[in-house]
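Student: I am new to this structure. Please take one part of it and look at that part closely.

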Amino acid sequence: PYHGMSKQDLLEIRKQNCNPMTMKVTYYKKPVFINQGYMQWLWDVDGKRYLDLFAGVATVSVGHCNPKVREAAEKQLGRLWHTTSIYVYPQLQEYAEKLTSLLPDPLKVVYFTNSGSEANDLALLMARLHTGNFDVITLRGSYHGGSPQATGLTSNSHYKYPIPSSLGCHNTMCPDVFRGLWGGSHCRDSPVQTIRECSCSSGHCQANDMYLNELKEVFDTTVPNQIAAFFGEPIQGVGGAVQYPKNYLKDTYQLVREKGGICIADEVQTGFGRTGSHFWGFEGHNVIPDMVTMAKGIANGFPMGAVVTTAEIAKSFAKGVHFNTFGGNPLACAIASSVLDTIKEDRLQENCDQVGTYLLTELAKLRDKYDIIGDVRGKGLQIGVEMVQDKVSRVPLPSDAINEIFEDVKDMGVLIGKGGLYGQTFRIKPPMCINKDDADFFLAIFNQAVLNYMERR
Ligand code: PMP
């Protein structure tokens, strides 16, 4: 008995009463019934332990029920849970100061929200008000949220409905160096960097030029006037850890700014040290955005989001009153503050770099061994493993095959995610506290699941 309910009861209620399509009820053929979590581990109702390499979609940054964060939360729960930010309480200021000190000048003004979608909605509104322009451009395959506005920014049909989601949102071709039209032939398959180094003999990336030409064509054909903003994830998350050629974001930022727009980095998945070498994903691209949106790992699973921008943009936004009942509440701020302390004290960014690089390097060996592992990529603990029918055609491995391997990995005790436009990419984005033994445990299981799949064929 689990809260007095059987597994069957739970699934029935899920189907009848709660968002019936939640990941097709619910993600696995034999769903996982979670009971408890501690750091990188989850236990199901039968006491079976799972290594959690999906972290509630890259959200549980410093570990399930992390004792330091839990202590901070409990302390704040006994003092004050909620009051709106129209009053002054120290937790908000303390956190705002800590957070903005981690961002480069001139990114020093923060607005708190409760989710990533809300943060991107707010960023869109601010960009439009600041520039006086309306149109926005995002990359195909991107995910920026599920609210009506953010759905317009998102470019993945799985998350779209047959009604207009948001006016003025346009997409340009995603400069995917593996699956993109010009990617694979020009960019070397080295798996451990934010951007792919180019191997073009001239030292000038031809693929990058082609993708930039695409963006220019969007300006010439679709965005007739000036642009409000460009939104981009430093490494696509839901899209399947998609990486861009060197200089793509840098050149794009320049072009967008020439057209009167501002540049927004969606750090909802890549922020807070996950990429290892940098605290923010954009730093790996050598750019400074005009606005950064964040959520997920910000508060280790407690609902929170934020937009950080410049004083100049904040000034344009100050013409109206912006209010958010829960945004920046004392409990969220106390939790987020202890998350930052924990990342620093436990050297979790460094851990992402070390364990992530190890995982990527070892996964690349499996890629070299098996024809169905097409690509291994990512940075730190933001990793994608793209599955193909064979390396030459790069046709995505069909979903029934993906699901077989996925289910097998779960049955052997590891939770990972799926992503990419065709669900063909396994996503690995664990709590930032995993260690080398955890990586080895996963590598052995993943290897076995691939072998099992091939044996069954
Ligand atoms: N941006 C990115 C990059 C995301 O991955 C997500 C969530 N998957 C969002 C925005 C939306 O965040 P939320 O679900 O908190 O609204």
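Tutor: What follows looks at one helix, H4, and then at the whole protein. This is a predicted model, in which local features need pLDDT of at least 70, side-chain atom pairs count only at pLDDT 80 or more, and totals for chains, interfaces and linings use all residues. Residues are numbered from 1 along each chain as its sequence is written, and side-chain values use heavy atoms, with hydrogens and water left out.

Helix H4 covers residues 90-100, and its buried residues are Gln91, Leu92, Tyr95, Ala96, Leu99 and Thr100. Seen down the axis of H4, these buried residues fall within an arc of 140°, so they line one face of the helix. The arc is that of the directions from the helix axis to the C-beta atoms. Pro90 and Glu97, on the other side of H4, are exposed. Buried means under 20% relative accessible area, exposed over 50%, and partly exposed in between (1.4 Å probe, protein chains only).

The buried residues of H4 pack against two helices, H3 (67-77) and H10 (330-345), and against strands E4 (107-113), E9 (291-294) and E10 (305-310). Contact here means heavy atoms within 4.5 Å.

Now the whole protein. It has 13 helices and 15 strands; these are DSSP runs (H or I, at least four residues, for helices; E, at least two, for strands), numbered from the N terminus. Of the 457 residues in the protein, 58% are buried. Among contacts between residues at least 6 apart in sequence, 73% join residues at least 24 apart. The C-alpha atoms fill a box of roughly 60 × 60 × 45 Å, taken along the principal axes.
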